[in-house]
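Have you ever wondered where the empty space inside a folded chain is to be found? Take a moment to turn the model around on your screen, and then we can walk through it together.

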Amino acid sequence: MHYISTRGHPERRKFCEILLEGLAPDGGLYVPEVYPRLDDATLDRWRGLSYPVLAFEILSLYIDDIPPADLKAICAKTYRPEVFGTARIAPVRTLESGLHVAELSNGPTLAFKDMAMQLLGNLLEYELARRGVELNILGATSGDTGSAAEYAMRGKKGIRVFMMSPHGRMSAFQQAQMFSLQDDNIHNIAIEGVFDDCQDIVKAVSGDADFKRRHRIGAVNSINWARLVAQVVYYFSAYFQVTEENSSEVDFAVPSGNFGNVCAGHVARMMGLPISRLVIATNENDVLDEFFRTGVYRVRGRADTYETSSPSMDISKASNLERFVFDLLGRDASRTRSLFDDQLRESGSFDLSGDPAFGKAADHFGFRSGKSTHADRLQTIRDTWHRFNAVIDPHTADGVKVAREHSVSDVPMIVLETALPVKFAGTIREALGREPDRPQRFDGIEDLPRRFKLLSADAQTVKTYIAETLQAC
């Protein structure tokens with residue numbers, strides 16, 4: 001299996017090369033040359049497999065430069081009950097008739113990002129040891145990616161993490177999870193701006209080939225293909241849990257900001273998993289809902305990026321959308337580059353509404369979308385508590401709200417859980433007048449000492465800080 005850039009860079013790469021790289025040299029995102037297609041016999045064989053074995057089977061289709069025995073051991077090491085709290089790893093529970101929730105938040109940081117980040121940490125440690133080199137990870141987070149990355153990488157040999165987050169725009173619990181870590185290889189950077197500023201800095205640094213090479217900069221955001229392909233696994237796992245045979249189709253509703261989670265669903269569908277529709281749920285920052293409704297992709301500026309009660313989706317520039325648009329346009333790298341490089345840089349938007357290809361987003365690729373507001377998520381949290389005695393976090397509530405709007409009789413709808421409610425206690429208190437349950441290991445986390453660096457939203461400032469920090473190590 002080889003990987004190519006969405007923007008047409010001529011070099012084809014193997015998995016372990018792109019594992020350490022992040023963006024392609026031309027600023028594009030790596031995608032496989034082809035999506036492996038599965039037959040019924042394979043789906044039948046995969047039914048009933050344990051999660052780590054299923055992960056190995058799926059990842060083996062995309063990774064052929066790690067010996068199978070080593071890859072199987074990495075999957076077994078990653079997906080353990082001791083890490084995820086249950087042998088099922090990602091169990092699916094029924095909320096109401098036809099509506100299910102895939103529990104993806106039982107990992108170390110109580111968010112779905114653990115599902116891929118724990119694997120990525122083990123893959124990186126393995127490959128760096130094999131090469132005898134080190135890696136300095138630069139990431140951006142709107143909340144959950146940062147803590148998931150740091151908990152996955154803390155103490156890992158040969159890895160340092162520089163994680164940027166928008167100053168003051170995460171929940172108190174999310175901030176405490178990240179800033180309370182005192183590990184020598186973890187460096188938190190609070191950026192004076194919004195998440196998209198952090199994301200832009202990651203791309204700017206990754207685009208500086210000399211700096212990236214000299215300081216061995218890598219990425220753990222969902223621009224890293226390894227994270228995305230790890231997320232493909234739980235789509236298959238959830239499908240097998242709610243169906244009995246491969247002739248059954250399902251829908252997925254996915255709370256989305258950066259398009260990484262739902263892009264994994266797109267990959268699963270391209271592989272032949274019987275997904276009828278992929279329903280995107282956004283909050284008030286509805287750039288993705290606008291695109292899938294109208295064909296207009298319009299990036300918002302800082303002033304138009306709202307601070308909401310589902311803060312992990314306070315994103316107005318969906319980096320992973322480029323992977324899907326590449327497929328939507330028939331894998332035309334020249335057009336993809338024109339849209340995401342030229343047009344976005346010049347005007348901050350592009351318009352596919354008049355392009356015949358845009359209709360395929362719904363008709364051929366199964367995408368739908370919807371939007372949820374603060375009032376909507378409060379009502380959904382209350383309704384879920386009163387009717388089902390279950391507390392869901394604000395992002396999952398966005399997913400449930402939009403899922404119900406798109407529900408079709410006789411087609412199971414699976415909402416992908418985003419995080420446990422304790423990470424957003426303020427909104428839960430507002431909705432229910434009670435505190436969410438808290439795992440004992442996180443008691444008092446908000447009172448722990450914090451360590452972070454406050455920097456301006458400037459790529460050069462961040463590069464200087466990284467260089468000075470590495471020089472002092």
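What follows is a tour of the hollows in this structure, with two short stops along the chain. Keep in mind that this is a predicted model. Rolling a probe the size of a water molecule over the atoms shows where empty space is left.

Let us begin with the enclosed spaces. The structure holds 4 cavities of 30 Å³ or more, and the largest cavity has a volume of about 280 Å³. To find it on your screen, look for Phe112, Lys113, Asn258, Ser312 and Ile315, which are the closest to its centre among the 25 residues of its lining. Three helices, H7 (144-153), H11 (225-242) and H12 (260-271), each supply at least two residues of that lining. Helix H12 gives the most, with 3 residues. Sorted by class, the lining of the largest cavity has 14 polar residues, 8 nonpolar ones and 3 charged ones.

Where does the largest cavity lie with respect to domain 1 and domain 2? Domain 1 (3-112 + 224-427) and domain 2 (134-215 + 444-472) both give residues to the lining, so the largest cavity lies between them.

The second largest cavity has a volume of about 50 Å³. Its lining is made up of Gln199, Val202, Lys203, Asn221, Ser222, Ile223, Asn258 and Ser319. By class, these residues divide into 5 polar, 2 nonpolar and 1 charged. You may recognise Asn258, which lines the second largest cavity and is also listed among the residues closest to the centre of the largest cavity.

Now we turn to the pockets. About 480 Å³ of space lies in the largest pocket. Of the 22 residues in its lining, those closest to the centre are Arg7, Asp200, Lys203, Phe340 and Asp341. Helix H9 (195-206) and helix H15 (333-347) are the elements that give two or more residues to this lining. Its residues divide into 9 nonpolar, 8 charged and 5 polar. Domain 1 and domain 2 both give residues to the lining of the largest pocket, so this pocket lies between them.

The second largest pocket holds about 390 Å³ of space. Leu20, Glu21, Lys212, Arg213 and Ile217 are the closest to its centre, out of 16 lining residues. Here the elements that give two or more residues are helix H1 (15-21) and helix H10 (209-214). The lining has 7 nonpolar, 7 charged and 2 polar residues. Once again both domains take part: domain 1 and domain 2 each give residues to the lining of the second largest pocket, so it lies between them.

Next comes a stretch of chain with a label. An unreviewed UniProt entry carries the annotation "domain: Threonine synthase N-terminal" for residues 2-79. Over residues 2-79 the chain is 45% helix and 8% strand, and the C-alpha atoms at the ends of this stretch are 26 Å apart.

Our last stop is a single residue, Asn246, in the loop between H11 and strand S9 (250-255). Is Asn246 buried or exposed? Its relative accessibility is 13%, and the cut-off for buried is under 20%, so Asn246 counts as buried. What lies 3.3 Å from a polar atom of the Asn246 side chain? It is the backbone oxygen of Asp40.

Key:
Residues numbered from 1 in each chain as written. Predicted model: local features only at pLDDT ≥ 70, side-chain atom pairs only at ≥ 80, totals over all residues. Heavy atoms only, no water. 1 Å grid on protein atoms, 1.4 Å probe; cavity = no way out; pocket = protein on both sides within 12 Å on 5 of 7 lines; lining within 4 Å. Points joined across faces, edges and corners; volume = space filled by probe spheres on them. Helix = DSSP H or I, 4+ residues; strand = E, 2+ residues; numbered from the N terminus. Nonpolar A, V, L, I, M, F, W, Y, C, P; charged D, E, K, R; others polar. Domains from an automatic or database assignment. UniProt positions renumbered as here; feature names shortened; annotations may be inferred. Buried < 20%, exposed > 50% of the residue type's maximum accessible area, 1.4 Å probe, protein only. Polar contact = N/O pair within 3.5 Å; in protein donor to acceptor, adjacent residues only side chain to side chain.
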